[in-house]
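Here are my notes on the model, as numbered points. Please read them with the structure open.

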Amino acid sequence: MSKDPSNVEDLQAEGAIDEQLQDDQVELSSEAEETVEQDEVALLHAEIAALKEQAANANEQALRAAAEAQNARRRAEQDVEKAHKFALEKFVNDMLPVVDNLERSIEAAKGEQTQGEQSHIETLIEGVDLTLKSLVDALKRHNVEAVNPAGEPFDPQFHQAMSMVPDPNVEPNTVINVFQNGYTLNGRLVRPAMVVVSKAP
C-alpha cells in the first residue's frame, strides 16, 4: 500500500512540532531551575549579609562592654588612690588651728616686748617658734603646704579676699596682706588663705 504524501508530510510536521515542544519544555525547565538557583543564591547572600551584620553588632557590643569595664576599673583605681592620698584631710583640718595659735602667740609676744623682759620673752618666742617649725615640718612630710600669697596676684581658687584696699604702689588685684595662711594637701586646697587685696585708687 502506497503512503499518501500529504499524510507523510503531516506526520513529519507533527513530529517536528513534538520535538519543538519537547525542546521548549526542556528550555523552560532549565530556565525554571536557573531561576530557582538564582533565588536560592540571593537568599544565601541575604542570610550572609544578615549574619555579618549580627556579627558586627555583637563585636561592637563586646568592644563597648570591654571599654566600659576598663573605664569602671580606672575610676575605681582613681577613687582608691584619692582615698589614700586625701585620707589625712580631717587630721590636717584639726592641726591647722594649732599652727594658727602658735603663729598668733609669736606675733603677740613680739608686740608686747619691753626692755626689762626682753630676754625672757625672746626665750618664750624662740620656744614657740621651734614648736611651730617642728609642726610645720611634720605637716610638710604629709604633703601639707602653706599658701602665703603676699605680693602675688589674687587667685580665687586659693585665696579668700577679706577686703579690698586702694594702693597706688602695687598692681590692682595684688595680695597686700595675709590674715591667715591657706593650706593644700597633695596640691588640693584644704583651706584658702584669707587676704587683703589691692584695688585701683
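1. Accessible areas here come from the Shrake-Rupley method with a 1.4 Å probe. On that basis the protein exposes about 14900 Å². Carbon and sulfur atoms supply 54% of that area. Bear in mind that this is a predicted model.

2. Overall layout. The protein has three helices and six strands. Along the sequence the pattern reads α-α-α-β-β-β-β-β-β. The chain has 201 residues, of which 17% count as buried. Take the contacts with a separation of 6 or more: 64% of them join residues 24 or more positions apart.

3. Largest pocket. How much space lies in the largest pocket? The value is about 150 Å³. Its lining consists of Asp100, Glu103, Arg104, Ile106, Glu107, Leu132, Phe179 and Gln180. By class, that lining divides into three nonpolar residues, one polar and four charged.

4. Who builds the lining? Which element gives the most to the lining of the largest pocket? The answer is α2, with five residues. Helix α2 spans 89–111. Both α2 and β3 supply at least two residues each.

5. Aspartate 100. This lining residue sits in helix α2. Is aspartate 100 buried or exposed? Its relative accessible area is 5%, so it counts as buried, the cut-off being under 20%. Leaving aside neighbours within four places in sequence, aspartate 100 is in contact with Gln180 and Arg191. Gln180 also belongs to the pocket lining. Across to leucine 132, the C-alpha separation is 9.2 Å, for residues 32 apart along the chain.

6. Leucine 132. This one is also in the lining of the largest pocket, and its place is in helix α3. Leucine 132 is buried, because its relative accessible area is 11% and buried means under 20%. Which residues does leucine 132 touch, not counting those up to four places away in sequence? They are Val99, Leu102, Glu103 and Ile106. Glu103 and Ile106 are pocket-lining residues too. The C-alpha atoms of leucine 132 and valine 99 are 6.4 Å apart, with their positions 33 residues apart in sequence.

7. Lysine 133. Next along helix α3, residues 118–141, comes lysine 133. Its relative accessible area is 51%, so lysine 133 is exposed; the line is drawn at over 50%. Lysine 133 and leucine 102 lie 31 residues apart in sequence and 9.7 Å apart in space, C-alpha to C-alpha. Set lysine 133, exposed, beside leucine 132, buried, when checking this part of α3.

8. Asparagine 181. Where is asparagine 181 found? It is in the loop between β3 (175–180) and β4 (182–185). At 11% relative accessible area it is buried. Its side chain makes a polar contact with the side chain of asparagine 148, at 3.3 Å. Leaving aside neighbours within four places in sequence, the residues in contact with asparagine 181 are Glu103, Ala146, Val147, Asn148, Arg191, Pro192 and Ala193. Two of these names recur above. Glu103 lines the largest pocket, and Arg191 is in contact with aspartate 100.

9. Backbone check, asparagine 173. Most residues other than glycine have a negative phi. Asparagine 173 has a positive one, near 65 degrees. The residue lies in the loop between β2 (159–166) and β3. Asparagine 173 counts as partly exposed, because its relative accessibility is 43% and the class runs between the 20% and 50% limits.

10. Backbone check, asparagine 186. What is phi of asparagine 186 near? The value is near 55 degrees, again positive in a residue other than glycine. Its place is in the loop between β4 and β5 (188–191). Asparagine 186 is partly exposed, with a relative accessible area of 24%.

How values were computed:
Residues are numbered from 1 along each chain as its sequence is written. This is a predicted model: local features need pLDDT of at least 70, side-chain atom pairs count only at pLDDT 80 or more; totals for chains, interfaces and linings use all residues. Side-chain values use heavy atoms; hydrogens and water are left out. Helices (H or I, at least four residues) and strands (E, at least two) are DSSP runs, numbered from the N terminus. Buried means under 20% relative accessible area, exposed over 50%, partly exposed in between (1.4 Å probe, protein chains only). A polar contact is a pair of N or O atoms within 3.5 Å; within protein, one must be able to donate a hydrogen and the other to accept it, and residues adjacent in sequence count only if both atoms are side-chain atoms. Contact means heavy atoms within 4.5 Å. On a 1 Å grid over the protein atoms alone, a cavity is a set of points where a 1.4 Å probe fits but cannot get out, and a pocket is an open set with protein on both sides within 12 Å along at least five of seven lines; lining residues have an atom within 4 Å of a point. Grid points are joined across faces, edges and corners, and a volume is the space filled by probe spheres set on the points. Ala, Val, Leu, Ile, Met, Phe, Trp, Tyr, Cys and Pro count as nonpolar, Asp, Glu, Lys and Arg as charged, and the others, Gly among them, as polar.
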